[in-house]
Amino acid sequence: MSNKVSSACETCPQFSAEGLKKLGVRTENFDFVVAIAGNPNTGKSTVFNSLTGLRQHTGNWPGKTVTRAEGAFEYDQKKFKLVDLPGTYSLLSTSQDEEVARNFILFGKPDVTIIVVDASRLERNLNLVLQILEITDKAVLCLNLMDEAKRNNIEIDIRTLSRDLGIPVVPTSARFNEGIPELIQTINEVASGKIVCKPHRIKNVNKNIDTAVKKLSVEIKKEFPNIPNSRWIAFRLLEGDTHIMNALRTGEFV
């Protein structure tokens, strides 16, 4: 990122973290649920700690050995419950970590999903970003480790990246608390509907596959009217994803 580029939120009211109350593990009576996703080693846990004031309050997901962390913060008179998802490189459910992360984003229906990426290694992080944007309409890209990117003379056009992805992009260096006020502001605005995301979706060049996805998507919506993203589920069913098949068959997540 160039030093001349700044977040659009600098001109917004409540730009500072004034009014932020870190609630730690007090996650009851919340207004919004926020998921934090990302590759391992992107500073995801540091972002979580910066928002909640915790040093990772962990436990296990129900029925899983995968570690989970939950916390909360209050901002603009609203309470936000944060769920730190396992660090993964993909959501194709080839491991328990991936299955937990994917199922929470897809079936848990968080009000906002923060996708934490390493600004100094952005390209390798984009695979997970695009997969998440196939699932959810409400996401914020947290472009973390900006200090590392600057140290390596890496410049990122924030506005172009935001436009291409169709979601807000907030540059941060969470370990120095830089960009956290802007991130909080953006989370609040996406959760409340002040910012409407139009995430990038991969267009299918194969007409036969596209037709099959559309037909199956319609049938899924008929059977499960509250399903969050029938198009993505149709893709996974056509690829023979047994985890999704079992989830729909048992009604466990619907």
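Begin with the whole chain in view: among contacts in the protein between residues at least 6 apart in sequence, 70% join residues at least 24 apart. This is a predicted model, and the first selection can therefore be a colouring by confidence, since where pLDDT is low, the predicted coordinates should not be read in detail. The protein averages a pLDDT of 82, and 80% of the residues score at least 70. Select residues 1–16 to see a stretch where pLDDT stays under 50, and for which the model nevertheless has 27 contacts beyond four places in sequence.

With a cartoon display, the protein shows nine helices and eight strands. If you switch to a surface, the accessible area of the protein comes to about 12,700 Å², and 48% of that belongs to carbon and sulfur atoms. Of the 254 residues in the protein, 51% are buried.

**Helix α1 and Asn144**

Select residues 44–52, which form helix α1, a mostly covered element in which seven of the nine residues are buried. Those buried residues are Lys44, Val47, Phe48, Asn49, Ser50, Leu51 and Thr52. Extend the selection by one residue to reach Gly53, which follows α1 and has a positive phi, near 80 degrees.

Keep Val47 displayed and add Asn144, which is found in strand β7, residues 139–144. Is Asn144 buried or exposed? At 1% relative accessibility, Asn144 counts as buried, because the cut-off for that class is under 20% relative accessible area. Leaving aside its neighbours within four places in sequence, Asn144 is in contact with Thr42, Gly43 and Val47, with the run Val116, Val117, Asp118 and Ala119, and with Thr172, Ser173 and Ala174.

**The loop of Phe30**

Move next to Phe30, in the loop between β1 (21–24) and β2 (32–38). Phe30 is partly exposed, with a relative accessible area of 37%. Show Lys79 and Lys81 as sticks as well, for Phe30 touches both of them, not counting residues up to four places away in sequence. A distance drawn between the C-alpha atoms of Phe30 and Lys79 should read 4.8 Å, although these two residues are 49 residues apart along the chain.

**Asp76 and Asn188**

Now select Asp76, in the loop between β4 (67–75) and β5 (78–84). Its backbone deserves a look, as phi of Asp76 is near 55 degrees, a positive value in a residue other than glycine. Asp76 is partly exposed, with a relative accessible area of 29%.

From Asp76, go on to Asn188, which is found in helix α6, residues 180–192. Which residues does Asn188 touch, not counting residues up to four places away in sequence? The partners are Tyr75, Asp76 and Phe80. Asn188 and Phe80 are 108 residues apart in sequence, while their C-alpha atoms are 8.8 Å apart in space. Asn188 itself counts as buried, at 3% relative accessibility.

**Helix α8 and its two partners**

Select α8, residues 230–238, together with α2, residues 96–107; the two helices pack at an angle of about 140 degrees, with their axes 11 Å apart. Their crossing is left-handed. With side chains shown, Arg102, Leu106 and Phe107 in α2 meet Trp232, Ile233 and Arg236 in α8. By class, this contact of α2 with α8 has four nonpolar, no polar and two charged residues.

Leave α8 selected and exchange α2 for α7, residues 207–223, which packs with α8 at an angle of about 115 degrees, with the axes 8 Å apart. The crossing of α7 and α8 is right-handed. On the α7 side, the residues to display are Ile209, Ala212, Val213, Leu216, Ser217, Ile220 and Lys221, and they meet Ser230, Arg231, Ile233, Ala234, Phe235, Leu237 and Leu238 in α8. The residues of this contact of α7 with α8 divide into 10 nonpolar, two polar and two charged. Ile233 is worth a label here, as it takes part in the contact with α2 and also in the contact with α7.

**Last stop: Lys109**

Finally, follow the chain on from α2 to Lys109, which lies in the loop between α2 and β6 (112–118). Lys109 has a positive phi of about 50 degrees although it is not a glycine. At 43% relative accessibility, Lys109 counts as partly exposed.

How values were computed: Residues are numbered from 1 along each chain as its sequence is written. Side-chain values use heavy atoms; hydrogens and water are left out. Helices (H or I, at least four residues) and strands (E, at least two) are DSSP runs, numbered from the N terminus. Buried means under 20% relative accessible area, exposed over 50%, partly exposed in between (1.4 Å probe, protein chains only). Contact means heavy atoms within 4.5 Å. Accessible areas come from the Shrake-Rupley method with a 1.4 Å probe; for residues, only the protein chains shown count as cover. Axes are lines fitted to C-alpha atoms, for helices over the stretch in contact, and angles run from 0 to 180 degrees between N-to-C directions. A crossing is left-handed if the near helix is turned anticlockwise from the far one by less than a right angle, and right-handed if clockwise. Ala, Val, Leu, Ile, Met, Phe, Trp, Tyr, Cys and Pro count as nonpolar, Asp, Glu, Lys and Arg as charged, and the others, Gly among them, as polar. pLDDT is the predictor's confidence in each residue, from 0 to 100.
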